[in-house]
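Welcome, and thank you for taking a look at this chain with us. Please keep the sequence and the 3D view open as you read, and follow along from one part to the next.

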Amino acid sequence: GYAILNSEIINRSEAKVDIEDRGYQFGDGVYEVIRVYNGKMFTGKEHMDRFIKSSESIGIKLPFSAENIMNMLDELVEKNNLKLGIIYMQITRGAAPRNHAFPVGDVTPCITAYTKEMPIPEANLQQGVKTILTEDIRWLRCDIKSLNLLGNILAKQKAAENGCYEAIQHRGQDITEGSSSNVFIVKNGVVITHESNNLILKGITKDVILRVCEEKQIPVEERTFTLEELAQADEVFLSSTTSEVTPIVVIDDKKVGDGVPGPVTRQLQELFKKEIEKQCGN
Ligand code: PLP
């Protein structure tokens, strides 16, 4: 297959970066994962906007225009003949002699992207997934989609070791988000999810869900909720680019409600599917 390295689309096997690239040494960069359905990007513009926002927030200036990058991504999808999968894209501050402070002078940022086939996770969407709780040990700028993912990795590994799909993180009593997803609860018909501040990533999927809730007049509260509220919830689900709207049916070995996906979660799955069809066809 093909990959993007800076301004070029080249053979995946020829896409190499320097050992002193700051992404490799420091995790000094940001990334995006974009879903492709029917060979078309879903919410591509939203992902590109967040990519720019993340890079600007750490002082990396994109070497190309957003439009330019989007066109290259379209070309990459086409060249790789990707119908159903993802684009992974990242930018680092570039290669320079190792020193924590930003390199002085003109160091060119390094952009890479590649595609991967990925099916829709039908079984998880139908049956729901198991999760565990874990303390959120990450930094205080979780709004930046940083390459530094150690906190997320350790949380996800704990989930994997416990036979679970995801780890739900909490700061003290407050639920923040999953290790690679946003978390929602439903209580008495109200959809509740953490407000988009510095403690979580503002998920593109989350925003699509909030928009369809508004359109269908499903009540939403974007606010912090607690471990206690999570334990008392009627329904719980998670959202992400790759997981879409995935029901959570078990938390720390305890069933959520009756242990099966609830009606509001089902409705949001349907509405989300319609959004995909609107943008990408079926
Ligand atoms: N929160 C974290 C920590 C994530 O890594 C992700 C995505 O992988 C999300 C939330 C969901 O974001 P999105 O819906 O934009 O994929």
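A good place to begin is strand β14. Six of the six residues of β14 are buried, so this strand is largely enclosed by the rest of the structure. Bear in mind as you look that the model is predicted. In a regular strand the side chains alternate between the two faces of the sheet. In β14 both faces are covered: on one side E235, F237 and S239 are buried, and on the other side V236, L238 and S240 are buried as well.

Which strands does β14 pair with? One is β10, which runs antiparallel to β14 and is joined to it by five bridges. Within that pairing, V236 of β14 has I185 opposite it. Another is β15, also antiparallel to β14 and also linked to it by five bridges. Here L238 stands opposite T246 of β15. If you trace the chain from β14 into β15, you pass through three residues that lie between the two strands of this hairpin.

From these strands you can step into the largest nonpolar core, which has 31 residues; the members that touch the most others are F184, I185, L230, V236 and I248. At least two residues of this core come from each of β7 (129-135), α5 (150-161), β8 (166-171), β10 (182-187), β11 (190-193), α6 (204-215), β14 (235-240) and β15 (244-251). In soluble globular proteins, nonpolar side chains tend to be buried together. To see the core through one residue, pick out I248: leaving aside residues up to four places away in sequence, I248 touches G128, V129, T131, V236, F237, L238 and V256. There is also a second, separate core of 22 residues, and I4, V30, C110 and I111 are among its members.

Now turn to the ligand. Which residues come nearest to it? Of the 14 residues around the ligand, these are L201, G203, I204, T205 and T241. Two elements, α6 and β14, each give two or more residues to this shell, and α6 gives the most, with three. By type, the shell holds three nonpolar, nine polar and two charged residues.

Strand β15 and the loop after it offer two backbone details. Most residues other than glycine have a negative phi, and most peptide bonds are trans. E244, although not a glycine, has a positive phi of about 50°. This residue lies in strand β15, and E244 is buried, with 23 other C-beta atoms within 10 Å. D252 is not a glycine either, and its phi is positive at about 50°. Look for D252 in the loop between β15 and β16 (254-255). Is D252 buried or partly exposed? With 13 other C-beta atoms within 10 Å, D252 is partly exposed.

Next, step back to view the whole chain. The domain assignment divides it into domain 1 (2-117) and domain 2 (122-280). Their C-alpha centres are 26 Å apart. Where the domains meet, 22 residues of domain 1 are in contact with 12 residues of domain 2. On the domain 1 side, two or more residues come from each of β3 (29-37), α2 (44-57) and β5 (85-92). The most come from β3, with eight residues. That side of domain 1 is made up of eight nonpolar, nine polar and five charged residues.

The strands β3 and β5 also appear in an open sheet of six strands, ordered β2-β1-β6-β5-β3-β4 with antiparallel pairing. At the edges are β2 (8-11) and β4 (40-41); each has a single partner strand, so one side of each is left without a neighbour in the sheet. Strands of a sheet pair through backbone hydrogen bonds, either parallel or antiparallel. Eight bridges connect β3 with β5, and the two run antiparallel; R35 has I86 in β5 as its bridge partner.

To finish, follow β3 to the edge strand β4. These two strands run antiparallel and are joined by two bridges, with Y37 partnered by K40 in β4. Two residues lie between the strands of this hairpin, where N38 takes a positive phi near 55°.

Note on methods
Residues numbered from 1 in each chain as written. Predicted model: local features only at pLDDT ≥ 70, side-chain atom pairs only at ≥ 80, totals over all residues. Core = buried A, V, L, I, M, F, W, Y, C linked by C-beta atoms within 7 Å. Buried ≥ 20, exposed ≤ 12 C-beta atoms within 10 Å, placed from the backbone. Helix = DSSP H or I, 4+ residues; strand = E, 2+ residues; numbered from the N terminus. Contact = placed C-beta atoms within 7 Å. Pairing = 2+ DSSP bridges. Near = placed C-beta within 6 Å. Nonpolar A, V, L, I, M, F, W, Y, C, P; charged D, E, K, R; others polar. Domains from an automatic or database assignment.
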